[in-house]
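Q: Please take a close look at the salt bridges of this predicted model. Which side chains pair, and are the partners buried or partly exposed?

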Amino acid sequence: MSVARRLMDGAGWFNVRIKMCFFLALTMVGAPLTILVTGETLNRTELLDKLGLWAIVGLILLFPLSKLLTYLLVLFPIQQLNGLCLEIQKGNLNPFSEIPPEPAKQDELQKLRHNMFWMGHVIDCRQKEIRTAMEQLEDAQKQIQSSIDYAELIQKAFLPAQSDVAAVFKDSFLLWRQRDGVGGDSYWFKQTENGFFLGIIDCTGHGVPGAFMTLIVQSFLDRLDATKFEKNPAGVLTAVNKLIKKAFSSNGSSASPDDGMDCTFVYIDNEKTEMVFAGARNYLILRTPEGSLSEYKGDKKGVGMNKTPLEFEFTNQSIPVERGMRFYMLTDGLTDQVGGERRLPYGRKRFKAVISKNHNQMIEQQNELIEDFVAYQGEEKRRDDVLVFGGEL
């Protein structure tokens with residue numbers, strides 16, 4: 001960079017009034033010098049009088065003129081520009097709603113003001129576009145939410161009444177909370193002549209896809225003749241496995257989707273002397289009246305999954321029943337939820353710690369479970385649907 005350019009850049013950072021005073025001072029010095037050069041015909045007295053008068057007038061007018069010229073030439077346009085910037089900062093883009101006209105004469109400040117108007121005009125146009133897009137997005141969101149609310153009603157209509165489930169137990173609770181209003185968790189209840197079936201189901205998927213899967217599973221379960229599967233929940237799972245796999249393999253697609261369910265099914269006789277358990281990648285927890293816990297694990301195959309053969313036979317486990325015994329079935333939405341200081345899953349250990357406590361009523365147990373789960377989740381986002389059933393025999 002040249003010396004002259006560095007001097008000009010350095011001078012550019014001086015206060016405008018200082019630069020204006022320097023300019024006027026040069027002007028007022030230049031005029032007397034001109035008089036001296038051109039005043040050879042004047043006598044000494046006249047020359048001194050003119051120089052003195054000029055000096056006095058110059059000193060008197062130096063600062064007022066510098067202030068006036070600075071304001072008119074520089075500060076007033078800059079104040080206008082600052083005002084425009086302030087309007088943009090406040091979000092008031094009304095001055096820029098129309099395309100700014102091209103100035104007739106363009107000095108640098110006029111160019112800057114014209115560019116400022118263009119910038120404000122572009123921001124105003126973009127904001128209007130964004131506002132329109134947000135309004136359209138809000139309308140779409142309302143329509144989607146309305147559809148989900150209606151889908152929730154449809155999904156609930158397919159589920160058994162919770163009062164019917166509660167009626168066959170001495171005490172019970174059913175905690176069913178879908179992450180997105182609708183979801184892949186559901187339950188099934190069917191009474192027969194000698195007992196009843198109860199199952200909790202975790203279908204693949206969340207939200208609307210998961211909800212559709214629950215409707216498919218519920219329709220398959222309702223299609224079965226439950227009396228043919230008396231004391232045989234494993235037979236129910238085997239039959240539903242075939243129905244799901246045949247249904248998805250008949251769609252003409254070469255690649256069958258890996259859709260199905262994990263579940264826990266039990267059959268309990270009317271006298272409540274025996275429980276038969278069958279599970280697909282899920283488990284059953286029992287609590288004796290004394291408070292000790294035991295866990296029964298189901299088969300390691302999911303119902304309808306690609307890795308589960310069409311002819312796979314699920315297995316039953318017969319469990320003796322005693323009065324006052326409680327049993328629990330749940331999907332993985334509760335135990336897999338991360339939280340706490342270390343952002344680890346809630347886990348079975350915490351769940352068992354809650355249900356092992358002595359609660360006179362199971363609703364108290366449910367309330368403590370909800371409080372403990374919500375506190376553990378904290379600010380973490382819900383990851384899955386939650387379904388927990390507890391029943392006392």
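A: Asp180 has a relative accessibility of 32% and therefore counts as partly exposed, since this class lies between the buried limit of under 20% and the exposed limit of over 50%. Its salt-bridge partner is Arg179, with the closest N and O atoms 3.0 Å apart. Arg179 is likewise in the partly exposed class, at 30% relative accessibility.

A second salt bridge brings together the side chains of Glu392 and Arg326, with an N to O distance of 3.1 Å. This pair links distant parts of the chain, 66 residues apart: Glu392 belongs to strand 12 (residues 386-392), and Arg326 to strand 9 (residues 326-330). Glu392 counts as buried because its relative accessibility is 9%, which falls under 20%. Arg326 is also classed as buried, at 5% relative accessibility.

Another salt bridge joins Asp372 to Arg350, and here the closest N and O atoms are 3.2 Å apart. Asp372 is located in helix 10 (residues 362-377) and Arg350 in helix 9 (residues 347-355), so this contact ties together parts that are 22 residues apart in sequence. Asp372 is partly exposed, with a relative accessible area of 22%. For Arg350 the relative accessible area is 32%, and this residue too is partly exposed.

Arg326 and Glu392 also belong to one network with Lys170, joined by salt bridges that share partners. In the predicted model, the count of salt bridges comes to twelve, among them the pairs of Arg179 with Asp180, Glu392 with Arg326, and Asp372 with Arg350.

Definitions and conventions:
Residues are numbered from 1 along each chain as its sequence is written. This is a predicted model: local features need pLDDT of at least 70, side-chain atom pairs count only at pLDDT 80 or more; totals for chains, interfaces and linings use all residues. Side-chain values use heavy atoms; hydrogens and water are left out. A salt bridge is a side-chain nitrogen of Lys or Arg within 4 Å of a carboxyl oxygen of Asp or Glu. Buried means under 20% relative accessible area, exposed over 50%, partly exposed in between (1.4 Å probe, protein chains only). Helices (H or I, at least four residues) and strands (E, at least two) are DSSP runs, numbered from the N terminus.
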